[in-house]
Amino acid sequence: IPSIMVYFQIYQMIDQQDSTYYFELIQVLRNHATAFPKEELRSIYAYAQNHCIGQINKGKGAFLGELFELYKTQLKSDLLLEKGYLSEWHYKNIVTVGLRLKAFEWVADFIEGYREKLPLQARDNAHRFNKAAYFYSIEEYGDVLQLLLTVEYSDIRYSLDAKSLLLKAYYDLEENETLFALCDAFRQYLKRNKEISDFRKEGYYNLLKFTQKAARIREGIGFEVFEKLEKEVGKLQAEIETTQPIFNVGWLKGKVEVLKERL
């Protein structure tokens, strides 16, 4: 009986924290998806997604591809649409996963193809932000700035993500004066906004602090003594490893590796 098979696998997957049951669940769904109404399928896929996210958070990168396939399967079956609309947060999560997997062509098509399915009140912001994220991933930094600089997002989540994206673009463009000015403005925004939790504030404060340190070290390459720079990079790397929370920590670690290569 399909429903018994599905919920047995879900129960075991959660209780045992064993991915074997996840893969068995996916196989049952492939064979018996038509046995479930759409609302129930949404709930079942949510369990599968949560398992993938948990595994990704444990460092099991292969589950990023699994999550991407879950999203694509649900898109084909319109399971992510509610009253004909795709949530702006599903839209953003799908873009984020696709970009992490470097599925750039697919993501570009998805961003444009599902734009009109976004809720009207969120459409422009969601499309603009995700388009900027796409351009950042393909290193078209000028387009990132053009999309983000003229917008002030009313939603805190978008505002924080947009400011972080600008931060990364300025760093990669080596526009340090603008980068440092943005860091100061970003800190003031965090300080003034009472809706942002202390945990999130700390994560962003640390991102700003270490990004500025990396930029200052980079400024010294070719001008300062090698031993001094090498010591500073080592210290920065150790600080990043021992500090929590730091948002965009993977990006930061990547920039430290680039600094080491440039010394």
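This passage describes one helix, two pockets and the cysteines of a predicted model.

A good place to start is helix α7, which runs over residues 120-137 and so counts 18 residues by the helix assignment used here. From its first C-alpha to its last, α7 reaches 26 Å, close to the 26 Å expected at 1.5 Å a residue. Much of interest along α7 concerns burial. The buried residues of the helix include A122, R123, A126 and H127, and the list continues with F129, N130, K131, A132, A133, Y134, F135 and Y136. Charged side chains thus appear in the list together with aromatic ones, with R123 and K131 among the buried residues because each falls under 20% relative accessible area. Several elements help to cover these positions: α5 (88-100), α6 (104-113), α8 (141-148), α9 (156-173) and α13 (249-262) are among them, as is β2 (85-86). After α7 comes E139, a residue with a positive phi, near 65°.

Helix α7 also takes part in the largest pocket, where about 1,700 Å³ of space is found. Elements giving two or more residues to the lining of this pocket are α3 (38-57), α4 (62-76), α5, α7, α9, α11 (198-220) and α13. The largest share belongs to α5, with 8 residues. In total, 39 residues line the pocket, and those nearest its centre are K92, T96, R100, K168 and N248. By class, the lining is made up of 20 nonpolar, 9 polar and 10 charged residues.

The second largest pocket holds about 250 Å³ of space. Its lining has 14 residues, and I26, R30, Y45, L70 and T73 are the closest to its centre. At least two lining residues come from each of α2 (19-32), α3 and α4, and α2 gives the most, with 5 residues. Nonpolar residues number 9 in this lining, beside 2 polar and 3 charged ones. Helices α3 and α4 therefore contribute to the linings of both pockets, each supplying two or more residues to the largest and at least two to the second largest.

A last point concerns the cysteines. A disulfide is a covalent bond between the sulfur atoms of two cysteines. With a cut-off of 2.5 Å between cysteine sulfur atoms, the model has 0 disulfides. Two cysteines can be placed by their accessibility: C52 has a relative accessible area of 0% and is therefore buried, and C183 is likewise buried because its relative accessibility is 0%.

Terms used: Residues numbered from 1 in each chain as written. Predicted model: local features only at pLDDT ≥ 70, side-chain atom pairs only at ≥ 80, totals over all residues. Heavy atoms only, no water. Helix = DSSP H or I, 4+ residues; strand = E, 2+ residues; numbered from the N terminus. Expected span 1.5 Å × (residues − 1). Buried < 20%, exposed > 50% of the residue type's maximum accessible area, 1.4 Å probe, protein only. Contact = heavy atoms within 4.5 Å. 1 Å grid on protein atoms, 1.4 Å probe; cavity = no way out; pocket = protein on both sides within 12 Å on 5 of 7 lines; lining within 4 Å. Points joined across faces, edges and corners; volume = space filled by probe spheres on them. Nonpolar A, V, L, I, M, F, W, Y, C, P; charged D, E, K, R; others polar.
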